[in-house]
Amino acid sequence: MRAMLLDAPGRPLRSADLPRPRPGPEQVLLRVRACGVCRTDLHVADGDLPDAAFPLVLGHEIVGTVVEAGARASRHRSGDRVGVPWLGWTCGECRYCRGGRENLCAHARFTGYHLPGGYAEYTVADERFCFPLPAGYEDAGAAPLLCAGLIGYRSLVAAGDAARLGLYGFGAAAHIVAQVARHQGRRVFAFTKPGDTAGQAFARELGAEWAGASDAPPPEELDAAIIFAPAGALVPAALRAVARGGTVVCAGIHMSEVPAMPYALLWGERTLRSVANLTRRDGEEFLRLAPAAGVRTEVERFPLASANDALARLRAGTVRGAAVLVPEEEAA
Ligand SMILES: [Zn+2]
Ligand SMILES: [Zn+2]
């Protein structure tokens, strides 16, 4: 099968001919129909995250159809369409797994990082971590639901019942969260890089009542903010933007250093927290909510062979919505 292989951090992906993987006893073999390109893929490719299993195939927003099931896999039938998220395996035995917080399992294994990802024509995944996908989304359109949507949803829940919600970084996750937040009757304020007027216009199209530069104050105090951009300098900016009692959620897996700041920014019972990974329960809840909330994903499709272009576009911040690799489309 064709796959885009990452040999080592800092290297471009390389098109490789690999043997088609064989499913383990609890795994399914999937033919990849689409795979979203996530900022975490950039962090893995850049070597920002420890313990990646190089050489590796990135990609953890996989939409695939079941080709073959392992000896003990019986949940999904041949031909079923499933989604594979970042959380690929957990121990099931630690206090986090037993306490409903499998996202924090220290033994967890992640798709496209420790486990084979979806920048390939085929992949394998533990069937217990594959989700059935809502029918109303075509393959490429469903892919961003699996990380941008899921992590965005977990972040939105972590933001509490905030009526005025700020979103820092208006990429794949924010474009989904904005729609869910509007469906829930919240007011959305979007922050982009200064000068990104296209991003600000996109945010307004998706229901943000205000969109502006991340170094500018919003027109009024916010009740919560979610930071999707990987810039630590946004932490004091977001704390400054939220009212007393407000919450700032850092949604990314990696961020540049958070600068020193006056304690006054945190004072007033403001809460600063992160969101890590996802639980399968988040997936079940969000994949029910997304169609009910009328979430529509906006995607830019790339052939598999153009994965490096997709990553470069994501890094430059010029993707409108989400970038998605589609193996069946050939490069122009
Ligand atoms: Zn565990
Ligand atoms: Zn992701």
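1. A good place to start is helix 7 (residues 234-241), where 6 of the 8 residues are buried, so helix 7 is largely enclosed by the rest of the structure. Here buried means under 20% relative accessible area, exposed over 50% and partly exposed in between, with a 1.4 Å probe and protein chains only. Helices (H or I, at least four residues) and strands (E, at least two) are DSSP runs, numbered from the N terminus. The buried residues of helix 7 are L234, V235, P236, A238, L239 and A241. Their cover includes strand 10 (164-168), strand 13 (222-227), strand 14 and strand 15, where contact means heavy atoms within 4.5 Å.

2. A word on the basis of these notes: this is a predicted model, in which local features need pLDDT of at least 70 and side-chain atom pairs count only at pLDDT 80 or more, while totals for chains, interfaces and linings use all residues. Residues are numbered from 1 along each chain as its sequence is written, chains are lettered from A and ligands numbered from 1 in the order in which they are written, and side-chain values use heavy atoms, with hydrogens and water left out.

3. Helix 4 (148-158) tells a similar story. Of its 11 residues, 10 are buried, so helix 4 is largely enclosed by the rest of the structure. The buried set is A148, G149, L150, I151, G152, Y153, R154, S155, L156 and A158. After helix 4 comes G160, with a positive phi near 75°.

4. Now to the metal. The zinc ion (ligand 2) has as protein donors C38 (SG), H60 (NE2) and C147 (SG), at 2.0 to 2.2 Å. Donors are N, O and S atoms within 2.8 Å of the metal (3.2 Å for Na, K and Ca), and since water is not among the atoms, sites may look incomplete. The donor spacing in sequence is C-x21-H-x86-C. C38, in the loop between strand 3 (27-37) and helix 1, and H60, in the loop between helix 1 and strand 4 (62-69), are 22 residues apart and link distant parts of the chain. C38 is buried at 13% relative accessible area, and H60 is buried at 0%.

5. The loop between helix 1 and strand 4 merits a look for its backbone too. P55 lies in this loop and is joined to F54 by a cis peptide bond, with omega about -5°. D51 is in the loop between helix 1 and strand 4 as well; its phi is positive, near 70°, in a residue other than glycine. D51 counts as exposed, at 64% relative accessibility.

6. E269 also has a positive phi in a residue other than glycine, near 55°. E269 sits in the loop between strand 14 (242-250) and strand 15 (271-274) and is exposed, with a relative accessible area of 71%. In strand 15 you will find S274, which is partly exposed at 48%.

7. The largest pocket has a volume of about 1,200 Å³. On a 1 Å grid over the protein atoms alone, a pocket is an open set of points where a 1.4 Å probe fits, with protein on both sides within 12 Å along at least five of seven lines, and lining residues have an atom within 4 Å of a point. Grid points are joined across faces, edges and corners, and a volume is the space filled by probe spheres set on the points. The lining has 50 residues, with R39, G169, G171, F228 and A229 nearest the centre of the pocket. Elements giving two or more residues to this lining include helix 1 (39-46), helix 4 and helix 5 (172-183).

8. The second largest pocket holds about 260 Å³ of space. Its lining numbers 13 residues, and G100, R154, T279, R281 and D282 lie nearest its centre. Helix 4 and helix 8 (280-292) each give two or more residues, with the largest share, 5 residues, coming from helix 8.

9. Finally, the interior. The largest nonpolar core has 101 residues, of which L58, Y119, L165, L167, I226 and F286 touch the most other members. Such a core is a set of buried Ala, Val, Leu, Ile, Met, Phe, Trp, Tyr and Cys residues joined through side-chain atoms within 4.5 Å. Apart from this core lies another, of 17 residues, among them W210, L222, A238 and L265.
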